[in-house]
Protein chains: 2
Amino acid sequence: MSKLSKKEFNREGLLNQGVVFFMNQGYHGTGLQEILDAVNVPKGSFYNYFNSKEEFGAAVIQHYIEPFIARLSAHLQQSGSDALGAIRRYFAELIVELEENQFKGGCLLGSLMGEIGSTSDVCQQSLQSAIARYRDLLQSGLAQAQQQGSVRTDKTPEEMADLLINAWQGALLRMQIEKSSAPVKQCCHDLLDDFFIP
Amino acid sequence: MSKLSKKEFNREGLLNQGVVFFMNQGYHGTGLQEILDAVNVPKGSFYNYFNSKEEFGAAVIQHYIEPFIARLSAHLQQSGSDALGAIRRYFAELIVELEENQFKGGCLLGSLMGEIGSTSDVCQQSLQSAIARYRDLLQSGLAQAQQQGSVRTDKTPEEMADLLINAWQGALLRMQIEKSSAPVKQCCHDLLDDFFIP
DNA sequence: TTATTAAAAACGACCGGTCGTATTTTTAAA
DNA sequence: TTTAAAAATACGACCGGTCGTTTTTAATAA
């Protein structure tokens, strides 16, 4: 493996483990050492990859949201004339994975919003942009569904996307402490099978 | 002031400041020293009041939820035949206070669920019971409103209470990073003025 | 005196971050 | 193409400081 790609490999590893540790133990509850040990990167090398823990946190946030956007995007793209179905299937997939993980994870964005959303400007901005991107995608999916007649049109897609994201975040928190997927299932059902239907 | 009541006074002060600091900086982001300094209690004395930071955190959670339950309860009690109006006014009051606080706070329960909901059993249980009490109260209010004909009856009050709490929590997180009360206002409007209406 | 509580001092572990230095990679001149 | 200078990266020891907790001492009550 060439040296250049090894650097990128290590960087990716740090971001991946950052997601895992921050999700399980929170930002302040996770020491850099834990992450570095997990990827076998020496302490002194960390600052060749990132300028500070805070900037690392911001990068982890962006790294975290990417696959979610890619997956939702893929579902929407291949859904043809059933955008609402694509959204339903996307969330159903997430629920399956949450169950597989025994409800340990939740959503990194939700956890970090509460923990450092008010204290770290850098991370706050990262959270803002991550959620905005996710929201915009969901919004476009709901707009498609409106044109297809499967979603009510007396609410803006923006409004519904926000409600769905917020309720989903809250349901994920509940899921964590109740160790049950009931909250997230209920949430999807209430909105996608009822409130959003014309 | 007698010694006994001074001890109770200090204990209350610690809990109050615990709410403030945990809300602003998170659990792991707050050192005991900060809280102790704010209440002028020596560090060595902390363990005369609480057995550990973790148990202190669990106590802070219970201490935090109390006034919310009392206020919602009061609104419902004096609402007569307009339980839905009481719930609306309760949340409207909360929104005013959030705006006064410049969206700094959010909800301690939401923040701590994400940060330590999966790692601290003691706090997890405390969060569970705090939310359950709050939910039950909201549920009873919604049941009243159903009997009064102002809320739809094809959904259980439990289901609606959960959705309201979850969406509210998510909206509070959004409010924090967007520094705007728009998310919480939208949330209340979507549910209390639309989805819950028969 | 003895028993009980408050508080000070001390504990080891760990925090994020910096340091000097060794090694490698890139750049540019020859 | 070879070589020399410069820039970037790797790395572990180490920084001052803070963490939550424990032990020891001082003060108070019985």
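Which residue of chain A comes closest to the rotation axis? The legends below concern a predicted model, and the first of them takes up this point.

**Figure 1. Relation between chain A and chain B in the predicted model.** Two copies of a chain are related by a rotation about an axis and a shift along it. Here, chain A is superposed on chain B by a rotation of 180 degrees with 0.0 Å of shift along its axis, and the RMSD is 0.1 Å. That is the relation of a two-fold axis. Both copies use the same surface, since 100% of the contact residues of chain A recur in chain B. Among the residues of chain A, Ala167(A) comes closest to the rotation axis, with its C-alpha at 1.9 Å.

**Figure 2. Protein surface near DNA strand D.** DNA strand D is surrounded by 14 residues, of which the closest are Asn48(A), Leu32(B), Lys43(B), Tyr47(B) and Lys53(B). By class, the residues of this surface comprise four nonpolar, seven polar and three charged. Helix H3 (46-49) of chain A and helix H2 (32-39) of chain B each supply at least two residues of the surface. Sugar or phosphate accounts for 56% of the atoms of DNA strand D within 4 Å of the protein, and bases account for the rest.

**Figure 3. Polar atoms of the protein beside DNA strand D.** Two of the pairs shown involve base nitrogens of the strand. A polar side-chain atom of Lys43(B) lies 3.0 Å from a base nitrogen, and a polar backbone atom of Gly44(A) is 3.4 Å from a base nitrogen. Tyr47(B), in contrast, places a polar side-chain atom 2.8 Å from a phosphate oxygen of DNA strand D.

**Figure 4. Packing of helix H8 against helix H9 in chain B.** Helix H8 (residues 157-178) and helix H9 (residues 182-195) of chain B pack at an angle of about 155 degrees, and their axes are 7 Å apart. H8(B) is therefore roughly antiparallel to H9(B). The contact contains 14 nonpolar, no polar and two charged residues. On the H8(B) side, the residues include Leu163(B), Leu164(B), Trp168(B), Arg174(B) and Glu178(B); those of H9(B) include Pro183(B), Cys187(B), Cys188(B), Leu191(B) and Phe195(B).

**Figure 5. Crossing of helix H5 and helix H7 in chain B.** The axes of helix H5 (residues 83-100) and helix H7 (residues 121-147) of chain B come within 7 Å and cross at roughly 140 degrees. This crossing makes H5(B) oblique to H7(B). In the contact, Ala83(B), Leu84(B), Ile87(B), Tyr90(B) and Phe91(B) of H5(B) meet residues of H7(B) that include Tyr134(B), Leu138(B), Gly141(B) and Gln144(B). Nine nonpolar, two polar and no charged residues form this contact.

Terms used
Residues numbered from 1 in each chain as written. Chains lettered and ligands numbered in written order. Predicted model: local features only at pLDDT ≥ 70, side-chain atom pairs only at ≥ 80, totals over all residues. Heavy atoms only, no water. Near = heavy atom within 4 Å. Polar contact = N/O pair within 3.5 Å; in protein donor to acceptor, adjacent residues only side chain to side chain. Helix = DSSP H or I, 4+ residues; strand = E, 2+ residues; numbered from the N terminus. Nonpolar A, V, L, I, M, F, W, Y, C, P; charged D, E, K, R; others polar. Axes fitted to C-alpha atoms, helices over the stretch in contact; angles between N-to-C directions. Parallel < 35°, antiparallel > 145°, perpendicular 65-115°, else oblique. Contact = heavy atoms within 4.5 Å. Least-squares fit on C-alpha atoms with pLDDT ≥ 70 in both.
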